[in-house]
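Dear colleague,

I am passing on the structure below, together with some notes on what came out of it. Please keep in mind while reading that this is a predicted model.

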Amino acid sequence: MGRQSDPVLGKVYRIIGVQVLVTAVITLLLLPIFGAPIAVSAFAGGAIGFTASWVYARKMTVPGSDERGRDPRRLLQAHALAEVWKLGMIVILFAAVLTLFKGVETLPMLLTFIATLAVYWVALLFVF
């Protein structure tokens, strides 16, 4: 089964799409009320969340993942490695935003990041 026709992969990318949608909605709601710095900060937090989810999905769906899925130990190793990549990406992206974006508003950034995590976990309850 190829990566394009994998039904689980399709569900994972739909979850990431919902994370992107939630990020966009929060950003667009905050823009007229609080202005660009807060809206952009919120977008940055959401982007960190959905980017980290995308990295996790990519690391779990590399070619050969079908063989990996047959052996529980290899599957667990793949999940652990993908989680390490995801956490590393979160640290790097937060450090980059906090260092490079001098006008960042931390509360909207963190709340939107948390919203993307909530989307991921709630979606997992209903999708899988």
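**Cores, helices and a surface patch**

The largest nonpolar core is made up of nine residues, namely Ala44, Ile48, Ala52, Ile90, Phe94, Val97, Val104, Met109 and Phe113. At least two residues of this core come from each of α2 (36-60), α4 and α5. A second core, separate from that one, has seven residues, among them Tyr56, Met60, Ala82 and Ala123. Leaving aside residues up to four places away in sequence, Ala52 is in contact with Lys86, Met89 and Ile90.

Helix α4 covers residues 72-100, and because its 29 residues should span 42 Å at 1.5 Å a residue, the 41 Å between its end C-alpha atoms agrees with expectation. The buried residues of α4 include Ala78, Ala82, Lys86, Ile90, Phe94 and Val97.

In helix α5 (residues 106-127) you will find Pro108, which counts as buried because its relative accessibility is 14%, under the 20% cut-off. Pro108 touches Ile38, Ser41 and Ala42, again not counting residues up to four places away in sequence; its C-alpha atom is 6.4 Å from that of Ile38, although the two residues are 70 residues apart along the chain.

Leu107 also has its place in helix α5, but with a relative accessibility of 57% Leu107 counts as exposed, since the cut-off is over 50%. Together with Leu110, Leu111 and Ile114, Leu107 forms a nonpolar patch on the surface, with about 390 Å² of accessible area in total.

With best wishes

Methods:
Residues numbered from 1 in each chain as written. Predicted model: local features only at pLDDT ≥ 70, side-chain atom pairs only at ≥ 80, totals over all residues. Heavy atoms only, no water. Helix = DSSP H or I, 4+ residues; strand = E, 2+ residues; numbered from the N terminus. Buried < 20%, exposed > 50% of the residue type's maximum accessible area, 1.4 Å probe, protein only. Contact = heavy atoms within 4.5 Å. Patch = residues over 30% accessible without salt bridge, like charges linked within 9 Å, V, L, I, M, F, W, Y side chains within 5 Å. Areas by Shrake-Rupley, 256 points an atom, 1.4 Å probe, with all protein chains shown as cover. Salt bridge = Lys/Arg side-chain N within 4 Å of Asp/Glu carboxyl O. Expected span 1.5 Å × (residues − 1). Core = buried A, V, L, I, M, F, W, Y, C linked by side-chain atoms within 4.5 Å.
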